[in-house]
Amino acid sequence: MKFHTKAVHAGDRKRLGPDTPVTTPIYTAASYLHDSTARLDRIFGHTEHGYAYQRYDNPTNAALEEQITALENGHGTLTCASGMAALQIAVLAACATRPKSVLCAEAIYGATIRMLDSVFAPLGFAVHYVDACDPAAVETAIDQHKPGCVLVETISNPLLRVCDIERLAVLCRKAGAALVVDNTFATPLLMRSLELGAHLVVHSLTKFLAGHGDVLGGAVISDEEHFEPVRQLSRTCGPVLGPFEAYLTMRGIKTFPLRMERQCANARSLAAWLRNHPKVERVFYLDDPAHPDAAVIRRLLPEGLYGAMVSFEIRGAQRDGIFDFLDRLKLVVRATSLGDVHTMVLYPMMSSHREVPPDLRDRMGIRENLVRLSTGIEDMEDVEADLDQALA
Ligand SMILES: *Cc1c(COP(=O)(O)O)cnc(C)c1O
């Protein structure tokens, strides 16, 4: 089945009897009643599929999980209460039978750095960072640190670097490490890392997949090897998504490919508009022929689908000037998230990269005049008019 078809059909219309609901209902029951205790025994013993208790499994979540598995071409999915819960489970599953050592991309979501440094490191995990867009540096770091898990993002925040997942997967497999990929920014429409050799893919469902700014959720999509360990961790620790959120996410995903195509097209035209704006010093977008990862982008991403994130520097602006620019915006939503149907803006220095030490921030190339946009599905003429008056 093709991608757009899977988004609409996968997971739904499970036969419950002669009359099948066309869309998956919200199952709120905490536990299930069975015809016989022998059946419950088989469900507990995993010799028969069925529902016993909501921390283990739930039909609404199961439908969503089937839908996400289809989109990422994985073996199976666990949905979680947040993207961070999903990342935590993925790293634990990756390291369960491997060295307690994580090699993480330097350019990564701020909360991911916090999770590794303030939760995993104090528990005894070795945590090291590397420039994931430099395969030679990754190879050296793998040799040196012998990680159990290598953790990267498909499109980094906020400078939109793209690492070579295919190459990293080869390096990880050679060294026996598990490759965990946070695919929140690229989404499965642009990149399917399990097909490229990764072991586990993670999403914040909160962003593009649910897409409407009204759900917090996460997902771990895994290969066959890691699927049971992921589910076992979840059954034990219980970071599961609630059925209401599962329903909303599943509904959101049905239009996700359409939204994402439109958001990518909008980002591309907005990036072109920004490049021509006299107040804009520099634009970061994946269609730039001078992008440092242009060759990888050409090889791994579909032609014309370069994501819905655009970052840009405002000429000569300092912190106060950026605050004024943000406060003048009337349409573009100034809030901490991305991937929604409405265009959003965020100031990385103040939010996502607030706690990154200034010297590291400089080394990463995140300057004081940088803002990050996530394009929605609006008509970009209106967004451009709003940005124009705010830049004036
Ligand atoms: C938002 C985000 C997360 C965390 O997801 P939550 O749903 O907020 O817990 C992780 N990684 C990336 C790339 C994100 O954008």
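Q: Which residues does Thr 206 touch, leaving out those up to four places away in sequence?
A: Thr 206 touches Gly 211, Val 215, Leu 216, Gly 217 and Asp 340. They make the list because contact means heavy atoms within 4.5 Å. Keep in mind that this is a predicted model, where local features need pLDDT of at least 70, side-chain atom pairs count only at pLDDT 80 or more, and totals for chains, interfaces and linings use all residues. Residues are numbered from 1 along each chain as its sequence is written, and side-chain values use heavy atoms, with hydrogens and water left out.

Q: Why is Thr 206 called buried?
A: Thr 206 has a relative accessible area of 13%. Buried means under 20%, exposed over 50%, and partly exposed in between, with a 1.4 Å probe and protein chains only, so Thr 206 counts as buried. As for its place, Thr 206 sits in the loop between strand E6 (200-204) and strand E7 (218-222); strands here are DSSP runs of E with at least two residues, helices are runs of H or I with at least four, and both are numbered from the N terminus.

Q: What makes the pairing of the Thr 206 and Ser 204 side chains a polar contact?
A: The two side chains are joined at 3.2 Å. A polar contact is a pair of N or O atoms within 3.5 Å; within protein, one must be able to donate a hydrogen and the other to accept it, and residues adjacent in sequence count only if both atoms are side-chain atoms. The distance fits, so the label holds. The Thr 206 side chain also reaches the backbone nitrogen of Gly 217, at 3.1 Å.

Q: How do you know that Thr 206 and Ser 204 pair with the ligand too?
A: Again, check the distances. An oxygen atom of the ligand is 2.7 Å from an N or O atom in the side chain of Thr 206, and an oxygen atom of the ligand is 2.8 Å from one in the side chain of Ser 204. From the backbone, an N or O atom of Met 84 lies 2.9 Å from a ligand oxygen. The ligand alone exposes 380 Å², and the protein buries 93% of that.

Q: Which residues are the closest of those that surround the ligand?
A: There are 14 residues around the ligand, and the closest are Gly 83, Asp 182, Ser 204, Thr 206 and Lys 207. To be near a molecule, a residue needs a heavy atom within 4 Å of it.

Q: Why does the largest nonpolar core lie between the two domains?
A: Domain 1 (61-251) and domain 2 (256-391) both give residues to this core, so it lies between them. Those bounds come from an automatic or database domain assignment. A nonpolar core is a set of buried Ala, Val, Leu, Ile, Met, Phe, Trp, Tyr and Cys residues joined through side-chain atoms within 4.5 Å. This core has 117 residues, and Leu 151, Val 152, Leu 179, Phe 312 and Phe 325 touch the most other members. Helix H4 (residues 83-95) gives the largest share, nine residues.

Q: Why is Thr 187 called buried, whereas Lys 146 is called exposed?
A: Thr 187 is at 1% relative accessibility, so it counts as buried. Thr 187 lies in helix H8 (residues 187-190) and touches His 203, Phe 208, Phe 256 and Met 260, not counting residues up to four places away in sequence. Lys 146 has a relative accessible area of 55%, which means exposed. Lys 146 is in the loop between helix H6 (135-145) and E4, and its phi is near 45 degrees, a positive value in a residue other than glycine.

Q: What makes Arg 328 partly exposed?
A: Arg 328 comes out at 35% relative accessibility, so it takes the in-between label. Arg 328 belongs to helix H13 (residues 319-328). Leaving aside its neighbours within four places in sequence, Arg 328 is in contact with Asp 386, Gln 389, Ala 390 and Ala 392. The C-alpha atoms of Arg 328 and Ala 390 are separated by 5.0 Å, though the two are 62 residues apart along the chain.

Methods:
Areas by Shrake-Rupley, 256 points an atom, 1.4 Å probe, with all protein chains shown as cover.
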